[in-house]
Amino acid sequence: MRWVYVEELKKHVGEEVELRGWVRRKRSSGKIAFIDFRDGTGFVQVVVEKSTIGNEHFSNADKLRLESSVIIRGKVREDERAPGGVEVLATEVHPVQIPQEDFPIQKPDHSIDYLMEHRHLWLRSKRQFHIMRIRDAVIKAIRQFYWERNFVQIDTPIFTGAIGETAGNLFEVDYFDYGKVYLTQTGQLYLEAACMAFGKVYNLGPTFRAEKSKTRRHLIEFWMNEAEVAYYEHEDNMRLQEDLVYYIVQYVLQHAYDDLIAIGRDVSKLEKVQKPFPRMTYTEAVKFLQSQGFDIKWGDDFGGDEETVLAKQFDSPVFITHYPRGAKAFYMQPDPTNPEVVLCDDLLAPEGYGEIIGASQRIHDYDLLVERLKENNLPVEKYDWYLDLRKFGSVPHSGFGLGVERTIAWIAGLEHIREAIPFARTLYRVHP
C-alpha cells in the first residue's frame, strides 16, 4: 500500500492508501468515528466505521487523543462537502504514540501570551499552518524573482565589525581577541562589495535590531531580503523594488490563494495592487500630513500613524522619496539638484502595515563618503574595506532591503508581525 500525503489525495480517488500524521480532532458516536487528520501538507477527514474496520482497529481509533501520531490505511473517496473534495474510509488504524496528558492548546480563547509560550505546539494549528505556507510562498517568490533575472545570491555574514545603520540598536558580541563585533543589522555593505564583482546580487537571511519597541510591526530578529546592483541609479532601483513586490503579490495569489482564504484574508485588496506604484516626495508627504492635522515639520521622521495615513490613500504600496539628508544613513547619495535631501525611498504597504522596503542610491565618491562618516561620528578606520570600494573602479550603485515578516504580515493581513515568523523574538520573548 502506497504512502501518500494529504495534498496528493485527489490523485488517488478510489485507491487504497497509507497516511502518516497526527490527530487534529476526533469525535465518535460509538459505532463510527471521525478523525480530523493532518500530515503537514493538509487536512482530511478520516471516517472509521466499526462495521468496516473491525473491533481491533476501531478500538485503536477510539484510544486516540488530540495530537496522537498515527498511521492510517484506507480508501480515498470523493466528497464535495469536504474542504479538499475527498475523505478517507479507514481500513486500518495504527497508533504510533498516544499522549498521556491533554494537549495544552485546545480552548478557542487562549491568550496570545499563552499561545506564544507554547509556540512549538501552536504551530500545529490550522491557522498557523496556513500562515507558514504563505510565508513559504513569499520566500519562494523572492528567490524565483532573482533567479529569473540572473542575480547571484551572496550570503552575507552575521558577525560584523562595521555598523550599517546606527550604533544605538546593535547587539554586541565579544569576538575572541578581536574585541567587540555586532550581530548584523544589514548585509548591505557586503552586498555593495559583491555587486562590484558580480553586477547584480541579493541575499536572504536573519538580521538583528536591539530596538526596545513593542509595536505590532517590530521584531528583534527578522529576515531581510537585500539587493544591490552596480550602475543602478535611483530610478532603476525603484523599478526593481516595484517589480519585486508586485511579483511577490502575484506569486502568492497564484500559489497560496487557498491559504489566504483559509485565514480569512480579503484577497480583493491584494488583487487591486497594480504597477506603477504611486509616489510622493518626503516634502509632499509632510505637507499632506500637516493638512490632515498632524503636528509635524520638515526634518521629522514618520511614525506608524503617519505612515498609515499616507498609505491608506492608495490600493498599492506607495513610494516616499527624497528624505532629508540628516534623517537617513551615512551611505545615501545626496540629490545633485538639492543636497539637503538624498536619493532614497521607503515603500509603504497599504492597510496600515507600514514600511516594507528601505532603499537608496549609495554614495560612490570616496571623499564624500569619508565626509558623511565623520558627520555621523562613525570610526573611519572601521570602514577601510568599504572605502576601498570607492578607490578601485567605483561606479554609481543602488540597493534596498525588504523586511520579509512585514511583507508577510501585509499580504496575509495579520494583526501582529509575531505570527509571520515561526519563532518570534520580541522585546520580552526568547522562549521557546
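The following exercises, with worked solutions, concern a predicted model of one protein chain.

**Exercise 1. Overall description**

Task: State how many helices and strands the protein chain has, and what share of its residues is buried.

Solution. Step 1: the secondary structure of the protein chain consists of 14 helices and 19 strands. Step 2: of its 432 residues, 50% are buried. Step 3: along the principal axes, the C-alpha atoms fill a box of roughly 85 × 55 × 40 Å. Step 4: when contacts between residues at least 6 apart in sequence are taken, 67% join residues at least 24 apart.

**Exercise 2. Order and edges of a sheet**

Task: For the open sheet of 8 strands, give the strand order and determine which strands stand at the edges.

Solution. Step 1: the order is β7-β11-β12-β19-β18-β17-β14-β13, and the pairing is mixed. Step 2: β7 (152-153) and β13 (279-281) each have a single partner strand, so they stand at the edges and one side of each lacks a neighbour in the sheet. Step 3: within the sheet, β12 (residues 221-230) and β19 (residues 397-403) run antiparallel and are joined by 7 bridges. Step 4: one residue pair that illustrates the pairing is Val 229, whose bridge partner in β19 is Ser 398.

**Exercise 3. Helices packed on the sheet**

Task: Identify which strands α11 touches and which strands α14 touches, and give the angle made with one strand in each case.

Solution. Step 1: α11 packs on the sheet through β13, β14 (318-321), β17 (344-349) and β18 (354-362). The direction of α11 makes about 80 degrees with that of β17. Step 2: helix α14 (residues 404-412) also packs on the sheet, touching β11 (200-208), β12, β17, β18 and β19. The direction of α14 makes about 55 degrees with that of β19.

**Exercise 4. Surroundings of α14**

Task: Decide whether α14 is largely enclosed or largely open, using the burial of its residues.

Solution. Step 1: the buried residues of α14 are Val 404, Glu 405, Thr 407, Ile 408, Ala 409, Trp 410, Ile 411 and Ala 412. Step 2: these are 8 of the 9 residues of α14, so the helix is largely enclosed by the rest of the structure. Step 3: Trp 410 and Ile 411 are also among the residues with the most contacts inside the largest nonpolar core, which has 61 residues. Step 4: beyond four places in sequence, Ile 411 touches Ile 134, Val 138, Ile 248, Val 249, Val 252, Leu 260, Arg 265 and Leu 270. Step 5: apart from this core lies another, of 30 residues, including Val 318, Tyr 331, Ile 363 and Leu 378. Step 6: α14 is followed by Gly 413, which has a positive phi near 70 degrees.

**Exercise 5. A helix pair**

Task: Classify the packing of α10 and α11 from their crossing angle, and describe the contact.

Solution. Step 1: the axes of α10 (residues 282-291) and α11 (residues 304-311) come within 11 Å and cross at roughly 95 degrees. Step 2: angles of 65 to 115 degrees count as roughly perpendicular, so α10 is roughly perpendicular to α11. Step 3: α10 contributes Ala 285, Phe 288 and Leu 289, and α11 contributes Glu 306, Val 309 and Leu 310. Step 4: by class, the residues of this contact are 5 nonpolar, no polar and 1 charged.

**Exercise 6. Backbone geometry in loops**

Task: Locate the cis peptide bond from Lys 275 to Pro 276, and determine whether Asn 150 and Asn 377 are buried or exposed.

Solution. Step 1: the bond from Lys 275 to Pro 276 is cis, with omega near -5 degrees. Pro 276 is placed in the loop between α9 (267-271) and β13. Step 2: Asn 150, although not a glycine, has a positive phi of about 60 degrees. Asn 150 is found in the loop between α5 (126-148) and β7. With 61% relative accessibility, Asn 150 counts as exposed. Step 3: Asn 377 has a positive phi near 55 degrees and lies in the loop between α12 (366-375) and α13 (384-388). Its relative accessible area is 71%, so Asn 377 is exposed.

**Exercise 7. An arginine in a loop**

Task: Determine whether Arg 390 is buried or exposed, and list its contacts.

Solution. Step 1: Arg 390 lies in the loop between α13 and β19. Step 2: residues under 20% relative accessible area are buried; at 7% relative accessibility, Arg 390 therefore counts as buried. Step 3: beyond four places in sequence, Arg 390 is in contact with Glu 192, Arg 362, Ile 363, His 364, Asp 365, Tyr 366, Leu 369 and His 397. Step 4: His 364 and Arg 390 are 26 residues apart in sequence, and their C-alpha atoms are 5.8 Å apart.

Conventions: Residues numbered from 1 in each chain as written. Predicted model: local features only at pLDDT ≥ 70, side-chain atom pairs only at ≥ 80, totals over all residues. Heavy atoms only, no water. Axes fitted to C-alpha atoms, helices over the stretch in contact; angles between N-to-C directions. Helix = DSSP H or I, 4+ residues; strand = E, 2+ residues; numbered from the N terminus. Parallel < 35°, antiparallel > 145°, perpendicular 65-115°, else oblique. Contact = heavy atoms within 4.5 Å. Nonpolar A, V, L, I, M, F, W, Y, C, P; charged D, E, K, R; others polar. Pairing = 2+ DSSP bridges. Buried < 20%, exposed > 50% of the residue type's maximum accessible area, 1.4 Å probe, protein only. Core = buried A, V, L, I, M, F, W, Y, C linked by side-chain atoms within 4.5 Å.
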